[in-house]
Amino acid sequence: MLGDPRTVRVTGDDTAAVFRRAQDAGARETPGDEPVREAYVWCNLTSGDSSRALWLLLLPFMVVNLAHWMRPAAAGRPRAVRLYGLLVRLAALTLTVLLVAAACEVALDLVAWQCAGVHSCAHRHSWLTFLAPRPSAPDTWWSLPGRRLALAALVPTALTILLWYLSRRTWSAYESHRPMSHDPEPDTDGSALALPGFWYGRRLVARLRAAHTAVALLTVAAAVAVPAARFDHRPGGPAALDVLSRLLTVALPACAAVAVGVVCRRGRSENRLDQRLDRHVVRLLPLAALALLLLTLLYAGWARPGWRSTGRLPGDPAFGALMLAQGLLVVALAVVARHLYRRSSDPRTGMRGLCGPAVALLACALGGVMSGGVAQRVADWLDGTRALLPGPPVLLTWQASTIPPVLAVLLLLAVRLGFGTARLARAERDRVRHEHPGEPEDPGRTRTIAHVRAMATLTDRAPLVVAVLAATTLVLGGVALAGALATGKTPDGAARSAYDALQAVAETSQALGSWLVGLGFVLFVTWGRRAYKDASARRTIGILWDVGTFWPRAAHPFAPPCYAERAVPDLTWRMATWTHRTRGRLVLSGHSQGSVLAAAAAWQLPPSLRGRIALLTYGSPLERLYGRWFPAHFGPPALAALHRDVACWRNLYRRTDPIGGPVRILDDTVSEVDHAPLQDPLAYGRTLAHPLPAPILGHSDYQADPAFTRERARLLNRLSPALPGPRPTPDRAGEG
């Protein structure tokens, strides 16, 4: 970033820091004539050690958190905006229930209830023999069904505690960094990213963590209590256990209702730095849920003569109700999003304002498919013959069976996009020829440049891909729910009386779906670890990861932490203190995701300081990705307001760049932001300056283009000449 291997850290720590070249280390005390470059390195906030690859397993939580920020712009519609946020938070809560319910399905139902309750299955797995009932001998202490369930409940309980611990640890490391305080600005068309409390979600995350932890523990308690209560409600059962079961039947929903109320009651407070923590809610709610769970385990572990584990636990109604609730929430979210979009429709907004509902649906579908696939794989591992155990709830099997049809639809879409890209590449060849008149034509070189440009446009087709995927998921999800509830059988069982072709499709989809999810689960961890050790692999998933963890945890507290809640205060404090001390000029430059951080940091500066800096963005997704997918915060009015607030702004991009693009600010009252598309490659053929073929740079090496140095110098010259000089002028470079 600094173009010099000899660098020194000016300020910061091992996670994120500001660096200078060694020769510029003392420039702040002895200012020189030349601008001083500084580099803010924040890559450890998103990568760090390889163990963070396990965050990929929390992908559904991260995706549903994105849906919160994808709402359409809606000036003057505060109630609709609050309703939108409430629906997303409720959808996120259902994902927590789904994850814990899936863990209960594996540990309680498949292992403790089904396999441990069948002597032949437990005999195949020696670690289960102490739980198995003996056919011709008295039951051992652990062989009673309630005690097996109580012991198995430790698995989802440990998962819940782990999620709570990770959330609290990252909350202390990220959400607790206090931004620079300043008075809220008058209501304008600017972005909410300029509000004082936008990057300080400490209070909300603490409340959501308490509510999600409580609901997760109550889900485990319900999974243990329901089978025991069913047995105790039989005629002639013990009166004491019957009364206790009815008390738990009232207490568990009541505590769950309180937790849901905590989720619904309060959203984000962005207009000020809210430092309150609601300590009573944060402490007492999880503790109350834990106390109810312990009471439930004691209740279930009481000896009940004649109780035997047969069939499945009642998982189908629970998973069916959960899936139906998620569908209804997504539909309601789509109605609200569409209403908001009609109020301020922007043709560049992705999917006409339905990005948020579509992404929320995909998060729910991803969670359902992962749950169903893992449950099916565990069932196959416990009972390879599929003759000893009933297996997981049929709805989970139906969900996993939808994977092959979804992949088939995506394959057809990929074929269509491939043909479209090929047509565009042929059209681009003529443009490439006209851009290099008088040079000998190289057909191979022309085809390569045209192909790279055509491939770069696939980013603009992302809304189409998400729309098709969401529509397919919605249809197949409805089919899976209806098929499971109507037949009560797995897909292959339901199709046995149908035509042979339909039966073959059902059997193939069910088998492939189970194996694909099991394979994907392993590849998730493997690919994630490789991504943080191999730079090329990291770039492959870098867009999704950088975008997904840029936004604060406004919907799900167990999502990966928001690195911007550390990076944005770092940048604002550095810029504010430097300009206050030196009163010098400052060019804030950022590449790729670094340009988004640069814009967010500029918004957080007080207006008096914001007008003293210049922005230089290159390879920037500000409009191409963020403006289309997050219009409420990066839409045309917000970017135009930022352009008016800063001293000056220039944006560089290439047609070969699949991520960066123009900012598209249409305002005649201010200077133009977008530079003409940079030439890529720098030379078509061999020249005196490029005797060897110049590479096609695409998204990388913008600083190697002469236009970068030229535009940076122009920005420095355009800054107010009234400022004292000469002063050291840092050039903050964000790493993307």
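The side chains of Glu623 and Arg664 meet in a salt bridge, with an N to O distance of 3.3 Å. I should say at once that this is a predicted model. Glu623 lies in helix H22, which spans residues 622-629, while Arg664 lies in the loop between strand E6 (648-652) and helix H25 (706-718), so this contact ties together parts that are 41 residues apart in sequence. Are the two partners buried or exposed? Glu623 is buried, at 8% relative accessible area, whereas Arg664 is partly exposed, at 44%.

I turn now to the salt bridges in general. A search of the whole structure finds 26 of them, and I shall discuss two others here.

One joins the side chains of Glu428 and Arg453, again at 3.3 Å from N to O. Glu428 belongs to helix H13, residues 403-435, and Arg453 to helix H14, residues 443-456, so the pair ties together parts that are 25 residues apart in sequence. Both ends of this bridge are covered: Glu428 counts as buried because its relative accessibility is 10%, and Arg453 is buried too, with a relative accessible area of 7%. Which residues share a network of salt bridges with this pair? Arg431, Glu435 and Arg655 are linked with Glu428 and Arg453 in that network.

The other bridge is formed by the side chains of Arg433 and Asp430, where the N to O distance is 2.7 Å. What separates these two residues along the chain? They are 3 residues apart in helix H13, and therefore about one helical turn lies between them. Arg433 is partly exposed, with a relative accessible area of 37%, and Asp430 is likewise partly exposed, at 41%.

To place these side by side: the bridge between Glu428 and Arg453 runs from helix H13 to helix H14, the one between Arg433 and Asp430 sits within helix H13, and the one between Glu623 and Arg664 runs from helix H22 to a loop.

Next, helix H6 and its surroundings. This helix covers residues 154-175, and Leu162 lies in it. Leu162 is partly exposed, with a relative accessible area of 44%. Together with Ile161, Trp164 and Tyr165, Leu162 forms a nonpolar patch on the surface, and the accessible area of the four together is about 390 Å².

Arg168 also has its place in helix H6. Arg168 counts as partly exposed because its relative accessibility is 38%, a value between the limits of 20% and 50%. Arg168 and Pro557 are 389 residues apart in sequence, yet their C-alpha atoms are 8.9 Å apart in space.

Pro557 brings me to the cavities, since that residue is part of the lining of the largest one. How many cavities of 30 Å³ or more does the search of the whole structure find? The search finds 6. The largest has a volume of about 70 Å³. Its lining includes Leu163, Leu166, Ser167 and Thr170, together with Trp55 and Leu58. Also in that lining are Arg553, Pro557, Phe558, Ala559, Pro560 and Pro561. By class, the lining residues divide into 9 nonpolar, 2 polar and 1 charged.

In closing, I return to two points. Among the salt bridges, Glu428 and Arg453 belong to a network that also contains Arg431, Glu435 and Arg655. At helix H6, Arg168 and Pro557 stand 8.9 Å apart, C-alpha to C-alpha, and Pro557 helps to line the largest cavity.

Terms used. Residues are numbered from 1 along each chain as its sequence is written. This is a predicted model: local features need pLDDT of at least 70, side-chain atom pairs count only at pLDDT 80 or more; totals for chains, interfaces and linings use all residues. Side-chain values use heavy atoms; hydrogens and water are left out. On a 1 Å grid over the protein atoms alone, a cavity is a set of points where a 1.4 Å probe fits but cannot get out, and a pocket is an open set with protein on both sides within 12 Å along at least five of seven lines; lining residues have an atom within 4 Å of a point. Grid points are joined across faces, edges and corners, and a volume is the space filled by probe spheres set on the points. Ala, Val, Leu, Ile, Met, Phe, Trp, Tyr, Cys and Pro count as nonpolar, Asp, Glu, Lys and Arg as charged, and the others, Gly among them, as polar. Patches are made of residues with over 30% relative accessible area and no salt bridge: like charges are joined within 9 Å, nonpolar side chains (Val, Leu, Ile, Met, Phe, Trp, Tyr) within 5 Å. Accessible areas come from the Shrake-Rupley method with a 1.4 Å probe; for residues, only the protein chains shown count as cover. Helices (H or I, at least four residues) and strands (E, at least two) are DSSP runs, numbered from the N terminus. Buried means under 20% relative accessible area, exposed over 50%, partly exposed in between (1.4 Å probe, protein chains only).
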